[in-house]
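Reader: Hi! I'm new to this one and would love a friendly walk through it. Could you pull it up for me?

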Amino acid sequence: MNTETGAMLAEIRDAAGMTQRQVAERMSANQTRISRIEAGDGDDTDIASFLDALGTPRARSFADLLKVEWLRLPQPSLRHPDLDALVAIERGLARIRAFLADGQVPTVLAGQAELLEKRLEEAGRYLLALDHDVVYVGEIGVGKTTAACRQAGLVIDAATAADLKGMMLDTGGGRTTLCDVRIETGERFALTVEPTSDEEVYKLVAEVCRGVHEKLGAESSSTSAEFKPAEEVERALRNMAKLPRPPRSRKGVVAGPDPAADLARQYPKLDDLIAEFAARLSLWRRSRRAIEFDGVDPKAGRQWLRSTFTAINNGRHEDFSLPARITVTVPFSLIPNAGLAIAVVDTRGVDGSAVRPDILAHLKDERAVTLLCSKWGSAPDPSAQNLLTYVTETDADTSLLNRVAVVALARSGDALSMRHDSGESAEDVTQGYDIKLGHVEDALQKIGMQGVEAFAFDASADDPADLTAFVLEKIRSVRKVQAEAARATIAAVDQMLSNRQEAQAIAAMQTVGGNLERFADRHHTLRGARRPAHDRLITAVTTLHPRTVWAATRRAGRFWNFDVFQYLGDGAAAEAKVRSSEVIVGLTAIIESDQSNPELASAHGFLAQILANAAQWDVDFVNAARHHAAAIYHEPLGRAQDLWDRCEAAYGVSMGGYRDRVAADLRAWFEENVELREELDRRVARAWETSVITPLRRAAGQTAETPVAAMQLDG
Ligand SMILES: Nc1nc2c(ncn2[C@@H]2O[C@H](COP(=O)(O)OP(=O)(O)OP(=O)(O)O)[C@@H](O)[C@H]2O)c(=O)[nH]1
Ligand SMILES: [Mg+2]
């Protein structure tokens, strides 16, 4: 026995309204023994008689709980928030195992049992883990960092936090957060920095220098192209090189000379300027990756974190290079008393399109809840709407939208400025929020995203606990979906077990299996139009900011704000999704028709499980297509230096047609390399078989792998 069990015993005794002495009397023991048991010092018999003495329903169910043998899942803590579901899953798994070990399993049920087992294991693994991310995504300067800090208690002083000055992370007038920042609970205040590669830093330096250089010669230059990196990166690099931009007065007048421009005058040749700027970074001295607070005072720790973070985020810390990702640890819980381990992720502001590899990765993370932060006036911001449309086209995971919410960020006065349709103003903030949320819902509905939840929050006026409650509810509902799916699976297990010896039920299963098998034969090869995977990429090239396209061509297609391989993968995924969805619709129709047949009643639970699984097979298939496209093009396109050089060189030459030019060059490359496309088609065809057809045959009870053998069984 451990102290956790002891503490739980004491809790159950308290809840039963009994004292240690009363329990001792009932157990005919002395009180010392009871307090020892509650301290974790007792054996199974002690615990059993202790709970017996209490005799409450809770004591009885706790006794049951202690009897569970954890053979299939790792034993969870007794305080696990989904303990009931986990117990049910463990028991369900044990029943399936006993059934399969029996040796007399009818073939028609073996595949079914395997499928149910796999589903239960997956739900168990999901629920067992307690970690979840809350991710803040949104356009530059909307207030992501501020909202995240308020919600997670990352403030120097909670009492004065409403003035928004004491945020522990860097906030400002926009373009402040430099990279993905992940905040976790740990032992002490600390920061870990994953640096940008030196190669990339030098590339960025070249861009800063080229920008400075062009500006100096602005009169003679004929182009309006910008050859510099994003503002926030330039700021950090200039600080690292001790060449900060001079401050501006309130009217925007520059106060004083620009040291980088002075340097450019000193080194009139661009290459020399780049070399000098790069040398000034002293990258070789910036090798530090982690730093922690060694004091004890929590307030001082918070202040230390704020100043250290701000220094690193702005390139002002001498020991650190340009961060690519920062992990912050704080010695407190970000959502206390939830029994979960929550991390908060603050992302770099969306500049143009939110369709970025980092944001997509968060969105697809099954354990993450993404908050699409939007300006009050335009919520849901167009970039958020585009992102939602993009993921629904390129991803088959239907639960993805349950993990997303739109957060409309209000500033003072925003709520009260709302008007009812009648033209009357909102009477109070709550009414103003309701009106706004109604508008957000309408906008979401218009793009087919009904069901995505929305929330309104004002970081300076609202209680951060409201946002926390919203986020927590979101996470709980995501977990609940898993728990409910597990319950449905367990019901199907029980239905299967209770029918295993009934001839009629076996016959029903055979009918159902035969129907599924015939369906698998019919759809063995996937038909349908095949738009090339690169179409999506080419469209993106023509719509993204030219500077973003240029930056990607300078990096052989991989830039944080535009990744060619991501679009290729998603292009293939979108095609795969379109083609498979028709088949899934057909499968759904067959299953629904079997479900409405009363003679097949004993197979209904199983049929529902097949449907749920088909969705998962579909996800597998779509992901496989994405993976194959990225893998196939990775090498040849990454190495196509001629192509990239040509695309890069066109920038600034004729601005009007730059993106069209790149699009045309890319298209020509894909047409020249048509064999890659053919290889992709072959791999997608194979993925269809392995991800969808084979598992369907298995579940149908046809263990045979080949369609020929399957057809013999059928006939
Ligand atoms: N008045 C008011 N100002 C706010 C509110 N939320 C954020 N701000 C201010 O808006 C500015 C931008 O806030 P940030 O939290 O840095 O925004 P962000 O979205 O993280 O910005 P980037 O990291 O630059 O993309 C800061 O000056 C904040 O103080 C709010 O609710 N009310
Ligand atoms: Mg920020």
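Reader: How many residues does helix H21 have, and how far does it reach?
Author: H21 runs over residues 564-595, so to speak, and has 32 residues. From its first C-alpha to its last it reaches 45 Å, close to the 46 Å expected at 1.5 Å a residue. Keep in mind that this is a predicted model.

Reader: Where does H21 bend?
Author: At Ser580, by about 25 degrees.

Reader: Thanks! Now the domains. Which ones is the chain divided into?
Author: Domain 1 covers 1-67, and domain 2 joins 68-129 with 472-484. Domain 3 is made of 131-186 and 331-462, domain 4 of 198-281, and domain 5 of 502-714.

Reader: How far apart are the centres of domain 2 and domain 4?
Author: Their C-alpha centres lie 59 Å apart.

Reader: On to the ligand. Which residues come nearest to ligand 1?
Author: Gly143, Thr145, Thr146, Thr177 and Gly349 come nearest, out of 22 residues around ligand 1.

Reader: And what classes are in that shell?
Author: The shell has 14 polar residues, four nonpolar and four charged.

Reader: Which helix gives the largest share of the shell?
Author: That is H8, residues 144-152, which contributes three residues.

Reader: Is H8 itself buried or exposed?
Author: Buried: nine of its nine residues are, so H8 is largely enclosed by the rest of the structure. Among them are Lys144, Cys149 and Arg150.

Reader: What follows H8?
Author: Gly153 does, with a positive phi near 70 degrees.

Reader: Let's switch to strands. Which strands does S3 pair with?
Author: S3, residues 190-195, pairs with S4, residues 290-292, in the antiparallel sense over three bridges. S3 also pairs with S5, residues 323-330, again antiparallel, over six bridges.

Reader: Which residues are the bridge partners of Leu191 in S4 and Ala190 in S5?
Author: Leu191 has Ile291 as its partner in S4, while Ala190 is matched with Thr329 in S5.

Reader: One last spot: where is Glu366 found?
Author: Glu366 sits in the loop between helix H14 (357-364) and strand S7 (368-375).

Reader: Why does Glu366 count as partly exposed?
Author: Because 13 other C-beta atoms lie within 10 Å of Glu366, and partly exposed is the class between 12 or fewer, which is exposed, and 20 or more, which is buried.

Reader: How far is Glu366 from Phe621?
Author: Their C-alpha atoms are separated by 17 Å, and the two residues are 255 residues apart along the chain.

Note on methods
Residues numbered from 1 in each chain as written. Chains lettered and ligands numbered in written order. Predicted model: local features only at pLDDT ≥ 70, side-chain atom pairs only at ≥ 80, totals over all residues. Pairing = 2+ DSSP bridges. Helix = DSSP H or I, 4+ residues; strand = E, 2+ residues; numbered from the N terminus. Near = placed C-beta within 6 Å. Nonpolar A, V, L, I, M, F, W, Y, C, P; charged D, E, K, R; others polar. Domains from an automatic or database assignment. Expected span 1.5 Å × (residues − 1). Bend = angle between axes of the 7 residues up to and from the residue.
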